[in-house]
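Reader: Could you take me through one part of this model slowly, with the neighbouring pieces added as you go? I would enjoy a close look at how a pair of helices meets and what surrounds the account of it.

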Amino acid sequence: MEEKRVPEEQRPQCPVYRKCGGCQLQNMSYERQLIWKQDRCRKLLGKFGKVLPILGMERPYHYRNKVQAAFAFDKKHNKIISGVYQSSSHWVVPVDSCLTEDETADRIIVSIRGLLKDFKLTAYDENTGRGFLRHVLVKRGFGTGEVMVVLVTGTPVFPGKNNFLRALRKLHPEITTIVQNVNDRRTSMVLGEREKVLFGPGTITDTLCGCRFRISPKSFYQINPKQTEVLYNKAMEFARLTGRERVLDAYCGTGTIGIVAAKSGAKEVLGVEVNRDAVRDAIQNAKDNGVKNIWFTCGDAGEYMEGLALSGEPWDLVFLDPPRAGASRAFLTALCSLGPKRAVYISCDPETLARDLGILQANHYRVEQIQPVDMFPHTQHIECVVGLIRTR
């Protein structure tokens, strides 16, 4: 039988593909993207064990439940624009719709841009530090349909606020909460410190792996919920929970992995997270799901594990889901000192994952399974779940 030929390249569907730089692989067919990602994982991780076939999406479009748009004034065309920053710059590339972003969120952002003109509100100017609207952040719960709109303004003063909100909600009755975030600093950070709820509860909820999670403007929540379920289900499979395990969820964030583990058979779970706001959300999420066999503490996960190791407490399993930079040497040293029987490493960069697996392997951990998951179609990013077991 003749082997099916996969086309190497295709014409990018997005008109701002080259200017934006967000979707680096859009010039490949999706099938070719998965082959590229599989090959990259095999080259970087194959020396540790067999790399299973990557788990892709059936429909790899409009998967991002969080959409962020920057606002600016285009002097050349005398109008307010909204979109994304060009790669490695602060030039705003105008975008009305994106193939990876939630369509509802994109429509809301376009409507807000139109309302700025109607209400004579200005876009923020980074050079002068003047102007009203800097960014709009929209989060949507794919499982619940709830929608949060965060208006990031350069000043707390909101002229015509009530009429503006009324007009926005009339255009988009699906919006369940609106928050004003004030960021008056000269910074590249999107969100400022001050927040004011303008409509609704100030948070939304979403469902993931049969659990409900509260999402606030600043809380981290996985961008692609459909693939997150695939990722977490694999993590639970690699954990091999029997109902007797004491589990440590390092880098626990708002508690998503730990809560799923607590409901999937762990005897007890302890989540450690350095971000105090995330810990607060994690505690509330556990209460909302009626999970009583999980606890959370605020602190550095590596330092906390060092303390646990010195106390001699036995831990059966550690989940680690570090940022793209990977786990620190101090964290991995603490993990090896704690010596859990099993570890499940959820990685968002196979390059730093390879570095960390080398350290763990040299300290008596053997890789059992490596599962790539395509969380971000059309980009170079690759998530992997790795199951490890202590050899002695």
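Author: Happy to! Contact here means heavy atoms within 4.5 Å. Please keep in mind that this is a predicted model.

Let us start with helix α8, residues 301-311, and helix α9, residues 329-338. By the contact criterion, Ala301, Gly302, Met305, Glu306, Leu308 and Ala309 of α8 meet a set in α9 made up of Ala330, Phe331, Ala334, Leu335, Ser337 and Leu338. Sorted by character, the residues of this contact comprise nine nonpolar, two polar and one charged.

Now for the geometry. Two packed helices are described by the angle between their axes and by the distance between those axes. For α8 and α9, the axes come within 8 Å and cross at roughly 25°. Angles under 35 degrees count as roughly parallel, and therefore α8 is roughly parallel to α9. The crossing of α8 and α9 is also left-handed.

From the helices, we can turn to a sheet. Seven strands form an open sheet with mixed pairing, in the order β12-β11-β10-β13-β14-β16-β15. Its edges are β12 (294-298) and β15 (365-373); each has a single partner strand, so one side of each is left without a neighbour in the sheet. From one strand to the next, the twist of this sheet averages 15°.

Within that order, a good pair to zoom in on is β10 (residues 246-250) and β11 (residues 268-273), which run parallel and are joined by five bridges. You can follow the pairing residue by residue: Leu248 stands opposite Leu270 in β11, while Asp249 has Gly271 of β11 as its bridge partner. Strand β11 is mostly covered, with five of its six residues buried. As general background, side chains in a regular strand alternate between the two faces of the sheet.

There is another open sheet of seven strands to set beside this one, again with mixed pairing, and its order is β3-β2-β1-β4-β5-β6-β7. Here the edge strands are β3 (92-94) and β7 (194-199), each pairing on one side only. The twist in this sheet averages 35° from one strand to the next. At the β7 end, strand β6 (residues 175-182) pairs with β7 in the antiparallel sense over five bridges. If you would like one place to look, Val179 has Val197 in β7 as its bridge partner.

Technical notes:
Residues numbered from 1 in each chain as written. Predicted model: local features only at pLDDT ≥ 70, side-chain atom pairs only at ≥ 80, totals over all residues. Heavy atoms only, no water. Pairing = 2+ DSSP bridges. Helix = DSSP H or I, 4+ residues; strand = E, 2+ residues; numbered from the N terminus. Axes fitted to C-alpha atoms, helices over the stretch in contact; angles between N-to-C directions. Parallel < 35°, antiparallel > 145°, perpendicular 65-115°, else oblique. Left-handed = near helix turned anticlockwise from the far one by under 90°. Nonpolar A, V, L, I, M, F, W, Y, C, P; charged D, E, K, R; others polar. Buried < 20%, exposed > 50% of the residue type's maximum accessible area, 1.4 Å probe, protein only.
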